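User: Hi! Could you walk me through this one before I head back to the bench?
Analyst: Happy to. Here it is.

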There are 2 protein chains.
Amino acid sequence: MTPSLPETHLEAWRRLYVSFWRVCNAAEAGLQAAGRPPLSWYDALYALYLAPGRRLRMSELARGALLSKSGLTRLVDRLEKEKLITRRTCPADGRVQHIELTPRGVGTLREIWAVYRGGIARQFAAHLTETDARDLTRILAKVTTATDPANEGQP
Amino acid sequence: MTPSLPETHLEAWRRLYVSFWRVCNAAEAGLQAAGRPPLSWYDALYALYLAPGRRLRMSELARGALLSKSGLTRLVDRLEKEKLITRRTCPADGRVQHIELTPRGVGTLREIWAVYRGGIARQFAAHLTETDARDLTRILAKVTTATDPANEGQP
DNA sequence: CGATAAAAGTTGCAAATGCAACTAAAATCT
DNA sequence: AGATTTTAGTTGCATTTGCAACTTTTATCG
């Protein structure tokens with residue numbers, strides 16, 4: 001079947017699409033200008049930062065990530081080379097890798113955030129009221145919840 | 001100065017960020033599974049489709065694009081190789097290239113859209129009411145308008 | 001228990017992307 | 001008109017990314 005897609009919804013998607021790219025491009029440009037790593041590093045480091053023990057397995061990291069499995073392996077390679085994370089084989093299951101954020105990684109996370117934050121503030125937040133922001137969150141939460149891979153199959 | 005970024009606004013950005021990736025990943029996967037070209041082709045072809053005479057210069061195409069100058073050159077190379085567009089030097093200004101959508105390009109655009117549309121409908125639109133969609137559009141229009149490169153300098 | 005299947009990551013290879021340097025054409029400035 | 005600057009795109013090179021095939025370790029089945 002062809003799912004229905006009313007014009008109102010399509011227009012909303014277009015706006016979201018463009019908003020996303022404008023903010024991200026500005027943020028990436030800012031990071032580059034400041035000599036900081038790209039957003040992909042932020043996403044991974046931040047996911048680790050939020051995790052209990054600041055540690056996740058590759059597969060858990062991949063959940064929230066925007067990369068393929070192999071892409072994540074390579075990203076973690078780079079983070080490890082910079083000593084922002086450590087990578088240890090799980091003693092209980094030899095297939096699993098434990099990725100843990102280092103103090104240095106936390107520092108880099110903060111450095112990236114200092115720049116990224118500015119991009120979000122200027123390109124995005126500056127144009128929205130408190131009510132706008134709350135409405136956006138409420139509406140988009142429906143999308144993120146419904147499409148959360150954690151809720152497989154039965155919603 | 002450090003621009004302010006209230007938690008409400010930050011949360012809205014996070015939701016937008018995740019929503020975007022969920023829908024795009026699903027759409028790209030769908031396109032790949034259907035043996036169709038990626039979204040980047042759609043964006044370029046659609047921009048041409050909307051243009052008067054279905055024709056734009058590289059620089060105009062780059063405006064709405066999510067690519068660097070060089071990235072766009074390469075994308076257009078591929079589209080040209082597939083005969084989805086034609087590329088002609090402007091007779092009036094030898095620096096300028098006119099990129100024009102071919103009928104074949106329109107066909108491919110429709111093929112991509114048939115799949116992309118399904119992704120948007122299922123991953124995004126299905127979870128939103130009419131009111132949600134209208135609110136999203138209204139709110140995000142503030143962002144897209146304010147950050148439109150066409151409105152340089154003075155907003 | 002031994003064979004088979006499944007899961008977790010990694011690697012080879014090809015495609016895509018960005019930055020910086022470059023070419024070519026037009027506009028500007030004496 | 002000739003030299004300089006600006007504009008529009010393209011190309012070289014290095015980085016990033018994804019898919020598919022592979023390795024290793026654990027789980028499952030007869």
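**Chain A and DNA strand D**

Analyst: Chain A has 6 helices and 3 strands. Keep in mind that this is a predicted model.

User: Thanks! In what order do the elements of chain A run from the N terminus?

Analyst: They go α-α-β-α-α-β-β-α-α.

User: And how much of chain A is buried?

Analyst: Of its 155 residues, 41% are buried. The exposed area of chain A is about 8,200 Å², with 52% of that supplied by carbon and sulfur atoms.

User: On to the DNA. Which residues come nearest to DNA strand D?

Analyst: There are 23 residues around the strand, and those that come nearest are S68(A), S70(A), G94(A), R95(A) and S59(B).

User: What's the split of those surface residues into nonpolar, polar and charged?

Analyst: The surface near DNA strand D has 5 nonpolar, 9 polar and 9 charged residues.

User: Which part of G94(A) pairs with a phosphate oxygen?

Analyst: A polar backbone atom of G94(A), 2.8 Å from a phosphate oxygen of DNA strand D. Q97(B) also has a polar backbone atom by a phosphate oxygen of that strand, at 3.3 Å.

User: What about R74(A), which atom of the DNA does its side chain meet?

Analyst: A base oxygen of DNA strand D, which is 3.2 Å from an N or O atom in the R74(A) side chain. As for elements, α4 (69-81) of chain A plus α3 (58-64) and α4 (69-81) of chain B each give two or more residues to this surface.

User: And how much of the DNA side is sugar or phosphate?

Analyst: Among atoms of DNA strand D within 4 Å of the protein, 68% are sugar or phosphate, and the rest belong to bases.

Definitions and conventions:
Residues are numbered from 1 along each chain as its sequence is written. Chains are lettered from A and ligands numbered from 1 in the order in which they are written. This is a predicted model: local features need pLDDT of at least 70, side-chain atom pairs count only at pLDDT 80 or more; totals for chains, interfaces and linings use all residues. Side-chain values use heavy atoms; hydrogens and water are left out. A residue is near a molecule or strand if one of its heavy atoms lies within 4 Å of it. A polar contact is a pair of N or O atoms within 3.5 Å; within protein, one must be able to donate a hydrogen and the other to accept it, and residues adjacent in sequence count only if both atoms are side-chain atoms. Helices (H or I, at least four residues) and strands (E, at least two) are DSSP runs, numbered from the N terminus. Ala, Val, Leu, Ile, Met, Phe, Trp, Tyr, Cys and Pro count as nonpolar, Asp, Glu, Lys and Arg as charged, and the others, Gly among them, as polar. Buried means under 20% relative accessible area, exposed over 50%, partly exposed in between (1.4 Å probe, protein chains only). Accessible areas come from the Shrake-Rupley method with a 1.4 Å probe; for residues, only the protein chains shown count as cover.
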